[in-house]
Amino acid sequence: MSGKSAVIIGSGPGGAAAAALLAHAGHRVTLLERNPFPGGKCSSLPRRGYVVDTGVHMFGRGPYGPFGAIDRILGCGPHWVAHRPSFTLNLSGRGKLEMASSVFHPLSALNFVKGHVRGWQKMEWLPTMARSLRHLGASGLARFAKGFHDPRHPLYSELQGVAVSEFFSPLSRSPDFLRTFHAQAMLTMALPWHRASMGEFAYILSSTMRAANLCYPRGGAGAIPAAYLSSLTRAGGEVRTGCEVRRIIVEGNRARGVVTMEGEHIPAHLVVSNAGLANTVELAGRENFPRDYLEKVDGAADSEAFIAVRFFLEGKIGSMRTPCLLHMPDLDPFRMFDYLENAKAPEDLFLFVTAPSMWDASLAPPGKDMLLVGAPAPSSLERRDSCDAVLDLAQEIALSLFPELKAATAEVERVSTPAVAALSGRRGGDCIGLAQEVGQDGVRRPSQSTPIQGLYLVGSDTGGRGIGTEMAADSALRLYYLLKG
Ligand SMILES: Cc1cc2nc3c(=O)[nH]c(=O)nc-3n(C[C@H](O)[C@H](O)[C@H](O)COP(=O)(O)OP(=O)(O)OC[C@H]3O[C@@H](n4cnc5c(N)ncnc54)[C@H](O)[C@@H]3O)c2cc1C
């Protein structure tokens, strides 16, 4: 593939990594990004001495996942920072448990036992084991355990088409057990468990548990795309921010380049789009795609959203002892995310809270701090009004969880779905991209090749596996190997 000209549309983690890899492979690469800054949903913006994560990020594997594989090819990449203990489990109204990345780490085991002894968590292990044995059989359980150690195990394909709820709900009657897995599906895939694919979820759980390395890049989430764009420019590639692609030029069923909003024609042998499946079809012209392809694109569903409240503080956030906290609501495990699908306001929320300066002190001015409080919300912009109630409640819960916020908060900022959509340029405020849901999982996910020759897709809509950014990075890696042949 050496020596071709390539245009990459978009600089999310998928686009930035693909651009760097293609330049590394010898292509002449130009990356065009519509925002004035790179990174898409995985950006960091400087603000009054803070480096603000435009999302609420934590990374499941860092150097041990697809980012690490890309870094080994490029010979460079972001610097990952881990923290121990890694996260706090706040069991609403009961107590807090600090955990390490690995469930087998003595700290996790000790706190796990503590949670049970104090009655904060009641997983009902014996009845759960008995039900699991009855439902899956001893060989089924053993197979599951084996699959957890082998990312290529056929289990992951067999579990495609099965919903996470379908898999876990017959295994236990413990609300704590069921709530844990429903919340995990939401945290990692931004989907309620009746939509989330068990095949994708099992892969996420096992790969994250094997890596046991919850981490964050030094310099903020945006340091990931920034590292790849530096690699791209070092390899002779060009990055243009504030440059939106208006049209992908298609002639004789082949992509020939792009036209920017300013009317500039940029010819290319390859066009790689990180703009998302639906946007890419519009950019290339619907008339250039077969009807059955358009039907699939039009019927594709995106993940739900995570929206956020950002607290900028005059002091340090002393009661946050780990860089991340998961607030588990004491709600019916089957109903806890119903508010995403109906208009009924929730009584409590699952929250994903981070204090990025606990990973990297340089992300906040000396003596100050920033707390990001993320909550699941409907991604459709038609439901944007319901986000206000979610953010109000998220803010209220945060104030009760972290008493010092009341006195120390200098400014509160809210990030709702329109702001997330503005970062990605997508039709909604989805957190991840194309939903990893039943019917859109495994081999049913769209291919990175398109019906138009020379036009490829990269990012969290196509090709990859894993959690959000890691799925986008995995997609870049797979595109690199696909084009390499
Ligand atoms: C609040 C929040 C929390 C999250 N938490 C996590 C987390 O903890 N862990 C995790 O791994 N992931 C997390 N994610 C998800 C993760 O950020 C996304 O899955 C990931 O960034 C998607 O990457 P991508 O490469 O597909 O593209 P995107 O990030 O969507 O970027 C696409 C880029 O293409 C550009 N573009 C679009 N159209 C055009 C055009 N016509 N011309 C030029 N440029 C164009 C956009 O401007 C954008 O920069 C979170 C996301 C949010 C919003």
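**Notes on the sheets and helix packing**

1. Strand 11 (residues 254-260) and strand 12 pair in the antiparallel sense, with three bridges between them. For a residue to look at here, take Val258: its bridge partner in strand 12 is Ile266. Keep in mind as you go through these points that this is a predicted model.

2. That pair belongs to an open sheet of three strands, ordered 10-11-12, with antiparallel pairing. The edges are strand 10 (245-251) and strand 12 (265-267); each has a single partner strand, so one side of each has no neighbour in the sheet. From one strand to the next, the twist averages 30 degrees.

3. The other sheet I'd look at is an open one of seven strands, and its pairing is mixed. Reading across, the order is 7-6-15-16-17-14-18. Here the edge positions go to strand 7 (95-99) and strand 18 (409-415), and because each has a single partner strand, one side of each is left without a neighbour in the sheet. The average twist in this sheet is 20 degrees from one strand to the next.

4. At the strand 18 edge, the pairing is with strand 14 (residues 305-313), in the antiparallel sense and over six bridges. If you want a residue pair to find on screen, Arg310 has Glu413 of strand 18 as its bridge partner.

5. What lies across this seven-stranded sheet? Have a look at helix 7 (residues 175-189), which lies across strand 14, strand 15 (324-328), strand 16 (351-354) and strand 17 (369-377). Relative to strand 15, helix 7 runs at about 130 degrees.

6. On to helix against helix. The axes of helix 2 (residues 66-74) and helix 9 (residues 223-234) come within 12 Å of each other, crossing at roughly 20 degrees. An angle under 35 degrees counts as roughly parallel, so that is the label for helix 2 relative to helix 9. The crossing is left-handed. On the helix 2 side the contact is made by Phe67, Ile70, Asp71 and Leu74, and on the helix 9 side by Ile224, Tyr228 and Ser231. Sorted by class, this contact of helix 2 with helix 9 has five nonpolar residues, one polar and one charged.

7. Now for helix 10 and helix 11. Their axes come within 9 Å and cross at roughly 135 degrees, which makes helix 10 oblique to helix 11. Helix 10 also passes helix 11 in a left-handed crossing. Leu277, Ala278 and Val281 of helix 10 make the contact with Tyr293, Leu294 and Val297 of helix 11. Which classes turn up there? The contact of helix 10 with helix 11 has six nonpolar residues, no polar ones and no charged ones.

8. Finally, the link between those two helices. Gly285 sits in the loop between helix 10 (277-284) and helix 11 (291-299). Is Gly285 buried or exposed? Its relative accessibility is 10%, and since the cut-off for buried is under 20%, Gly285 counts as buried. Gly285 and Val250 are 35 residues apart in sequence, and their C-alpha atoms are 8.2 Å apart in space. Val250 brings us back to the three-stranded sheet, as strand 10 covers 245-251.

Definitions and conventions. Residues numbered from 1 in each chain as written. Predicted model: local features only at pLDDT ≥ 70, side-chain atom pairs only at ≥ 80, totals over all residues. Heavy atoms only, no water. Helix = DSSP H or I, 4+ residues; strand = E, 2+ residues; numbered from the N terminus. Buried < 20%, exposed > 50% of the residue type's maximum accessible area, 1.4 Å probe, protein only. Axes fitted to C-alpha atoms, helices over the stretch in contact; angles between N-to-C directions. Parallel < 35°, antiparallel > 145°, perpendicular 65-115°, else oblique. Left-handed = near helix turned anticlockwise from the far one by under 90°. Contact = heavy atoms within 4.5 Å. Nonpolar A, V, L, I, M, F, W, Y, C, P; charged D, E, K, R; others polar. Pairing = 2+ DSSP bridges.
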